Amino acid sequence: MSEPKKTVERRFHGVPVSPGIAMGTVWVHRHEDEAPPRYAVKESECDQEIARLEAALGRTREQIEELQQRIAGSIGSEDASIFDAHLLVVEDRTLIDEVVRTIKTERLNAESVFASVAGRYAKTLGEIDDPYLKERAVDIYDVSRRVVRNLTGCSGRELPVSGTPWILVAHNLAPSDTAQLDPATVLGFVTDTGSKTSHTAIMARSLNIPAVVAVHDVSQQVSSGDSVLLDGYSGWFIVNPSEATLSEYAKIQQQKGLVERELGSLRETECRTLDGKHMVLSANIEMPRDVSAVKQSGAEGVGLFRTEFLYLNSAKLPCEETQYEAYRSVVSQLAPDPVIIRTLDLGGDKIMSALNLPEELNPFLGWRAIRFCLERVDVFKTQIRAILRASAHGCVRMMYPMISGVEEVRRARVILDECREELRREGVAFDEAMEVGAMIEIPSAAVSADLIAREVDFLSIGTNDLIQYTIAVDRLNERIAHLYEPTHPAVLRLIRMVVEAGHANGIWVGVCGEMAGEVVLTPLLLGLGVDELSTGAALVPRVKGAVQRLSLADCEKLVEEIRGLDSAAAIHSVAEAFAARYYSDLL
Ligand code: PEP
Ligand code: MG
C-alpha cells in the first residue's frame, strides 16, 4: 500500500530570489474577499448585528493602536498623530449612528451596511476640492476595510507578526506587505507569482529572508501546518521533506556557512582588483533598520536608499520631521561614509494605498517617481528639506529616480534651490556642497546621458528598470522572465554609453540595480569602466571577493571579446566561463 499523501515528499520548483535555507511549518496567507457579504436579518437579530458592529469597532481601535506602535518602531520614529485620524473614524458618532439606524430600518447585516455608509461618506468627501477632506476620505476607506474584515472574520492582508515562526505561502505579496514581515517570525516565503527584480524580492534579500517566487499554484497545493523545507539558493520548495532530503540539506547548509564565513573575513579589506583598481562597493537599503547589515557587510556606505519604503505602510505622507529623523539616523551612523538618498520613487509595484492615486493601465510607464514629485511639489519639498537637513550630520548625496531627460533634472534643481533658500532663511544647517545625481534607468536618459551628465555630480545606473524598458519586458511578469536579460547587447551598449558620457564630463558612474550583485557579471561591469557598485548588504562580501580576484586589464579584454557577440545567451556564457576561471566557489 502506498504511503498516505500527507507524509510523501512533494517538490515544487520556482525562482530563487533570496538566498538561504529555511525549515518549518507553513502558514498560508489567502486574499480577502473584497465585497462584504450582504444578507437580510430578522428584526429580532438587529441588536445582535449592532453588538457585532460595536465589537468590530473596538477590535479595529486596538489594531490601529498596535499598528501605530509597530510602524513607529520599524521606521525608527514616527509622528504619533499619523493614525489619530483613523482612530477618529472609529469614534465618529454621526457615521456609526447612521449605520445603526440603517441596520434597524433596512434589516441588513452589519458589514454590508457599514461598507456602504462609510463608502458614501468617503465618496462625498473625496469629491470636494480640498486636500484635507480628500485625506479624510482615504482614512475612511482604510478604516472601513479594517472594520469589515473584523466583522467578516477574514484575516485579509494582515500578516502574522508574532508567535511561532512560519514559512509564509501566498499567491502574491506586495512590497508593502513584505516590508512588514518580521524575520523573527517569518522564516521564509514562497509565492505563486513574482520575479527576481520585483521590490518584494529586493525586500526579502534586504531582510535576509529566504524566498522562492513564481511557483505557479503552490498556495493551492499546501495547507497551513504542513512541514516544509525552502531552498532560496536553488528554488526548491519541499513539502514533507524525507530523512534523506533533510540530511542532504544539512550538508548544503554547512558548505554555504563555510563560504559565508570566509567572505565575512573580507569585511575590513579593500575592494580593489589585483592590478589596483578600486571599485567603490556600497550597499542598498530600504529602511533605517538596514544600517547594521550595511556596517556588518563592509560596504563603503549606501549607494541607494529606497526612501519610498518610509511611505508605503504609512497611513499618511510622512512629515518632514519623521523623514529627517530617519535620514539623520542612517547618515550619522554611517558617517563619514556617504549615503545616497534617492528621492521618492513611488509607482510601478510600489503603491502607497493611503495616497489613493488613480489606477493606471501601465503603472510602470505612468505617473510615478520624479514625474509625480515634479507635480506634487508639496510632497517633493518636504522630502528634499528633510534630506538637506540630514546632510548636516554626515556625507549625504541625493539622486532622482526615473529621469527621462535633462529637463526633469533642471526642474528638480529649481525646487532644490528653493528648499536651500528656505533653510538658509530659517537658519537651518545643511551641506551646501551636497552632491546631486541622476539615476539612469530609462533608455532615453541613457542615450542622452552626455546632456544629463553636464547637470549633475554623478550618475547611477538603475539596471532593474533599464533592462525592463530597453527590452520592453515587464520586470514583474514571470511569463516573460526569460526575456529579461542583463547581458542583452543593447543593455551592455547603453551601460557603456552612460559610463563614457559620465567620464567625458568628469563625473563618476555607478550601478545600483540587481546586476551590481551578480558576481557572474562583475567582470563585465569592471571592464565597462563602472566606478561604483551598490547592492543588497548580504551580497556585498561576495562581490568584494570577486573584485579582489580579478584584474581590470583582463576584464577590459573580456569586454572587447564580447563586443563581437550578438546574443545575450552567448555573452552570458562567455562571462560565466570567465568568472568560473577566477572564482567558481562564489558562483
Ligand atoms: C533600478 O531600477 O535598477 C533601481 C535600482 O531602482 P528600483 O529597483 O528601486 O526600481
Ligand atoms: Mg528603478
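**Magnesium site**

I began at the magnesium ion (ligand 2) and looked up which protein atoms serve as its donors: Glu441 through OE and Asp465 through OD, at 2.0 to 2.2 Å. I keep in mind that this is a predicted model. Next I asked where the two donors sit. Glu441 is in the loop between β13 (435–440) and α16 (443–447), while Asp465 belongs to helix α18 (residues 463–471), so the pair ties together parts that are 24 residues apart in sequence.

Buried or exposed, I wondered about Glu441? Glu441 is buried, as its relative accessible area comes out at 2%. Asp465 counts as buried too, with 3% relative accessibility. The cut-off for buried is under 20% relative accessible area.

**Domain layout**

I then pulled up the domain assignment. The protein chain splits into domain 1 (10–31 + 158–243), domain 2 (43–152) and domain 3 (264–551). I note that domain 1 is written as two segments. I picked domain 1 and domain 3 to look at together; their centres, taken over C-alpha atoms, are 27 Å apart.

**Where domain 1 meets domain 3**

How many residues of each domain are in contact? I get 18 from domain 1 and 16 from domain 3. The two domains bury about 1,700 Å² between them, with 55% of that on carbon and sulfur atoms. On the domain 1 side, the residues that lose the most area to domain 3 are Thr197, His199 and Ile202, and together they make up 33% of what that side buries.

I also went through the polar side of this interface. The rule finds 10 residue pairs in polar contact across it, both partners at pLDDT 80 or more. As for elements, α6 (175–179) and α7 (199–207) are the ones that give two or more residues to the side of domain 1 that touches domain 3. Helix α7 supplies the largest share of that side, six residues.

For salt bridges, the rule finds one across the interface of domain 1 and domain 3. I looked up Glu514 and Arg205 as well: their side chains meet in a salt bridge, 2.6 Å from N to O.

**Gln323**

I turned to Gln323, which has its place in helix α12 (residues 320–334). Its relative accessible area is 1%, so I log Gln323 as buried. What does its side chain pair with in a polar contact? The partner is the side chain of Tyr311, at 3.1 Å. Leaving out residues up to four places away in sequence, Gln323 touches Tyr311, Pro318, Thr382, Gln383 and Ala386.

**Backbone oddities**

Most residues other than glycine have a negative phi, and most peptide bonds are trans, so I went looking for exceptions.

The cis case I wrote down is the peptide bond joining Ala335 and Pro336, with omega at about 10 degrees. Pro336 is in the loop between α12 and β11 (338–342).

Two positive phi values went into the notebook. Ala214 has phi near 60 degrees, and it is not a glycine. I find Ala214 in the loop between β6 (211–213) and α8 (218–221), and at 8% relative accessibility Ala214 counts as buried. Asn240 is the other entry, with a positive phi of about 50 degrees. Asn240 lies in the loop between β8 (236–239) and α9 (243–264). With 15% relative accessibility, Asn240 also counts as buried.

**Spans across the model**

I checked a couple of C-alpha distances. Ala250 and Thr273 are 23 residues apart in sequence, and their C-alpha atoms are 34 Å apart in space. Ala250 is in helix α9. Its relative accessibility is 43%, so I put Ala250 down as partly exposed.

How far is Phe12 from Asp378, C-alpha to C-alpha? The separation is 48 Å, with the two positions 366 residues apart along the chain. Phe12 lies in strand β1 (residues 10–13) and counts as buried at 14% relative accessibility.

Last, I listed what Phe12 touches, again not counting residues up to four places away in sequence: Val215, Val218, Gln221, Gly235, Trp236, Phe237 and Val239.

Methods:
Residues numbered from 1 in each chain as written. Chains lettered and ligands numbered in written order. Predicted model: local features only at pLDDT ≥ 70, side-chain atom pairs only at ≥ 80, totals over all residues. Heavy atoms only, no water. Donors = N, O, S within 2.8 Å, 3.2 Å for Na, K, Ca; no water. Helix = DSSP H or I, 4+ residues; strand = E, 2+ residues; numbered from the N terminus. Buried < 20%, exposed > 50% of the residue type's maximum accessible area, 1.4 Å probe, protein only. Domains from an automatic or database assignment. Contact = heavy atoms within 4.5 Å. Buried area = accessible area lost by both parts, 1.4 Å probe. Salt bridge = Lys/Arg side-chain N within 4 Å of Asp/Glu carboxyl O. Polar contact = N/O pair within 3.5 Å; in protein donor to acceptor, adjacent residues only side chain to side chain.
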